[in-house]
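Me: I am new to this structure and would like a close look at a single part of it. Please take one residue and follow its surroundings outward.

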Amino acid sequence: MAIALVALLLVAAPVAAEVEPALSAEVGSPLKLSANLGIRIGIGTVAVDETDSGRGLMLQAQPGLGGMAFNVGWTPVALPAWGTQAVGFAVKARYLRSWGDPWGGLEPDQDYLGGEVALAWIVKVSVGVLTRLGSGGGSRTTVTWSVGVGL
């Protein structure tokens with residue numbers, strides 16, 4: 001289902017959309033050390049010179065030592081020339097699957113869903129709130145955070 005959603009979003013993107021990488025290395029809770037691998041699909045142009053406005057859809061996968069997260073978000077502000085992980089702001093829906101020994105009081109093999117906001121100016125800082133799906137041990141609701149650098 002996730003693959004179908006991503007395919008639909010990519011097909012629905014404007015023909016003239018700018019697509020650029022959104023990559024970062026991060027440390028935070030609950031993933032510990034992670035790599036954020038994604039793209040930003042630009043939506044809209046600046047009328048004066050027809051360049052990418054910086055707004056767009058963000059799709060990311062974030063494997064880490066404490067789990068794996070998938071993010072779908074909106075970047076109302078980004079500096080496309082530097083990449084969205086270097087300069088910008090994003091609001092994201094986030095799904096997380098924990099494993100190993102995650103930080104933040106989470107148990108392994110649990111699923112979480114929630115939201116996250118990220119702000120980047122060379123250094124990326126993000127914070128989110130996730131709620132566990134289904135039953136299980138550990139915290140029902142958790143606050144996530146990370147600090148990283150765009151690549």
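Reply: What follows starts from one residue, E26, and moves outward to its strand and the barrel.

This is a predicted model, in which local features need pLDDT of at least 70 and side-chain atom pairs count only at pLDDT 80 or more, while totals for chains, interfaces and linings use all residues. Residues are numbered from 1 along each chain as its sequence is written, and side-chain values use heavy atoms, with hydrogens and water left out.

E26 lies in strand β1, residues 19-29 (a strand being a DSSP run of E with at least two residues, numbered from the N terminus). E26 counts as buried because its relative accessibility is 2%, where buried means under 20% relative accessible area with a 1.4 Å probe and protein chains only. The side chain of E26 makes polar contacts with the side chain of K124, at 2.6 Å, and with that of S146, at 2.8 Å; such a contact is a pair of N or O atoms within 3.5 Å, one able to donate a hydrogen and the other to accept it. Leaving aside residues up to four places away in sequence, E26 also touches others, including K32, Q62 and V147, with contact meaning heavy atoms within 4.5 Å.

Turning to the strand itself, β1 runs antiparallel to β2, residues 32-42, and 10 bridges join the two, two strands being paired if DSSP finds at least two bridges between them. Within this pairing, A25 has A35 of β2 as its bridge partner. Eight strands, in the order β1-β2-β5-β6-β7-β8-β9-β10, close into a barrel with antiparallel pairing.

Terms used:
Helix = DSSP H or I, 4+ residues; strand = E, 2+ residues; numbered from the N terminus. Buried < 20%, exposed > 50% of the residue type's maximum accessible area, 1.4 Å probe, protein only.
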